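Me: I've got a structure open and want to talk it through. Can we start with the charged contacts and then work outwards?

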Amino acid sequence: FSASMAGSTHVVITLKRSGFSDLVIHDREAYTLVIPPDPVLLEASIRVQGRVAGQVWVSRTAATSVQLTVRYFIPLSGSTLSVKIGGWNASAVTFESTGPIDDIRKASTTVSFLTPTNKVEGKYSIVVLSSTGSRAESSAGVIEFVDMSRPRIDSVSQSESRASGGAVVLVGVTGFCKGLSMTCVPSFAAGASFEMPDQSTKAAAVLGAVSLTAWQRNFLPQVPSFGDFINGLGPAYSAQFNLTVSSLEANVKANSGDGVTTAANSFVLAILTPTVAAASSAKLIISSNNGNTNTFSPFQFTAAPTGGAIVTSFLPSEGLANNRGRLFVTLANFQPVYRRSEVLVLFGADVLDSDDVRIESSSLASSTVSMIYPNSAPVLRTVS
């Protein structure tokens, strides 16, 4: 069938018979012929060392593993697949397809490859090509080749804060020893700020800054202001912080062969978000005292929600009398909170001690607070 035949049609079978008129069989049921969709490279599926679309960058000097998905695409048996980034060939291309081979509309293929090395810094498109002619191309600039010796923010524990500030954000950075000793110790004491849409800047306090090596030896968690913050936070926050550091560690490990990226000259900063006038987008800017400046990452300050908070989960809904236990309450439309001192919990008429309250997670989308409820006689209590 050709593309011009797309639409509703009937099947007619004609049998040629010698000495007799042709036998014509008409199928009364209508069939629909559809044009198969073109392959689509799903940009949101691009993964690089745990980073996703919007943060897809690789070292220009180190071959880096990338994975992505192409929808409506299954390479034919015996065909080969190639990947080009900005016109340069990727290497070690492999793929795995899922879905029915007889209905491309339900099929997709996951493609993995290594990026080319020693290419020019810049942002480029990705093209997946089959030897049979099928092609899927991303938009321009979905992947960036960077010089890892330049200052760069590698990872951020969270990219939003309430407009009233007070969030502690963990930031992993590399490249701040460019042009200096590989073991330089830059100062970030006044090196964190947010650039607002009107080009004004808001300074952010730096609670602590240590090398990745020092973090691995548990130095930054011993900084009093940072320790005070993490005391009273649940596992979700710890996971956020750990992911920030592990992403930095993975990047250092992947690019250690470039001669400029080491754990000793990569750094972990804990910064405190400032109060801003209104909800808005911003740029988190990190600089140091050695002239390596202007490394930024997108950030968002959010407005306080309007209306009352909504309880979306309350677990468990009952407990044993005369026993202490932990209760988890999840709230929507609730102002993000970052410390247990910012939460007042009433268990009936009793105010719970702040030491019995823990912030499990909190963002504009949802907040979960847990608490240890006190010994109580069998009675219905209201929690607020």
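Me: How many salt bridges does the structure hold?
Reply: Keep in mind that this is a predicted model. A pair counts when a Lys or Arg side-chain nitrogen lies within 4 Å of an Asp or Glu carboxyl oxygen. On that basis, the number of salt bridges in the structure is 6.

Me: Take the one between arginine 162 and glutamate 342. How far apart in sequence are the parts this pair ties together?
Reply: The two side chains meet at 2.7 Å, N to O. Arginine 162 sits in strand E17 (residues 160-162), while glutamate 342 is in the loop between strand E26 (325-332) and strand E27 (346-347). So the separation of the parts tied together by this pair is 180 residues.

Me: Is arginine 162 buried or exposed?
Reply: The cut-off for buried is under 20% relative accessible area. Arginine 162 comes in at 9%, whereas its partner glutamate 342 is partly exposed at 33%. Arginine 162 therefore counts as buried.

Me: Which residues are joined into one network by salt bridges that share partners?
Reply: Look at arginine 358 and glutamate 360 beforehand: their side chains meet in a salt bridge at 2.6 Å, N to O. Glutamate 342 also meets arginine 339, at 3.9 Å, and arginine 339 is partly exposed at 26%. Glutamate 342 has its bridge to arginine 162 too. The network made through shared partners is Arg162, Arg339 and Glu342.

Me: Back to arginine 358 and glutamate 360. Which residue of that pair counts as buried?
Reply: Arginine 358 has a relative accessible area of 24%, which makes it partly exposed. Glutamate 360 has 9%, and buried means under 20%. The buried residue is glutamate 360.

Me: On to the nonpolar side. Which strands each supply at least two residues of the largest nonpolar core?
Reply: That core has 23 residues, and those with the most contacts inside it are Val171, Val173, Phe194, Leu269, Ile271 and Ile286. The strands each giving at least two residues to this core are E18 (168-174), E19 (192-195), E22 (267-272), E23 (280-286) and E24 (295-302).

Me: How many residues are in the second, separate core?
Reply: Its members include Ala90, Val111, Ile126 and Val128. In general, nonpolar side chains in soluble globular proteins tend to be buried together. The size of this second core is 22 residues.

Me: What is the bridge partner of phenylalanine 194 in E23?
Reply: E19 and E23 pair in the antiparallel sense, over 4 bridges. Across that pairing, phenylalanine 194 has as its bridge partner leucine 284.

Me: E19 forms a hairpin with E20 as well. Which residue in the turn has a positive phi?
Reply: E19 and E20 (residues 201-203) run antiparallel and are joined by 3 bridges, with glutamate 195 opposite threonine 201. There are 5 residues between the two strands of the hairpin. The one in the turn with a positive phi, about 75 degrees, is glutamine 199.

Me: Where is threonine 244 found?
Reply: Threonine 244 is buried, at 3% relative accessibility. Beyond its neighbours within four places in sequence, it touches Ser155, Val156, Ser157, Leu170, Val171 and Gly172. As for the element that holds threonine 244, that's helix H3 (residues 235-255).

Me: And leucine 272: how far is its C-alpha atom from that of alanine 192?
Reply: Leucine 272 is in strand E22 and is partly exposed at 25%. Setting aside neighbours within four places in sequence, its contacts include Ala204, Leu207 and Arg339. Alanine 192 is 80 residues away along the chain, and the C-alpha separation is 9.0 Å.

Me: What area does the nonpolar surface patch made by Val11, Ile13, Leu15, Leu23 and Ile25 have?
Reply: Strands E2 (12-15) and E3 (23-26) each supply at least two of its residues. Leucine 15, found in E2, counts as partly exposed at 38% relative accessibility. The patch area is about 370 Å².

Me: Last one, for the whole chain. What share of the 384 residues is buried?
Reply: The chain has 3 helices and 30 strands. It exposes about 19,900 Å², with carbon and sulfur atoms supplying 54% of that. The share of residues that are buried is 40%.

How values were computed:
Residues numbered from 1 in each chain as written. Predicted model: local features only at pLDDT ≥ 70, side-chain atom pairs only at ≥ 80, totals over all residues. Heavy atoms only, no water. Core = buried A, V, L, I, M, F, W, Y, C linked by side-chain atoms within 4.5 Å. Buried < 20%, exposed > 50% of the residue type's maximum accessible area, 1.4 Å probe, protein only. Patch = residues over 30% accessible without salt bridge, like charges linked within 9 Å, V, L, I, M, F, W, Y side chains within 5 Å. Areas by Shrake-Rupley, 256 points an atom, 1.4 Å probe, with all protein chains shown as cover. Contact = heavy atoms within 4.5 Å. Pairing = 2+ DSSP bridges.
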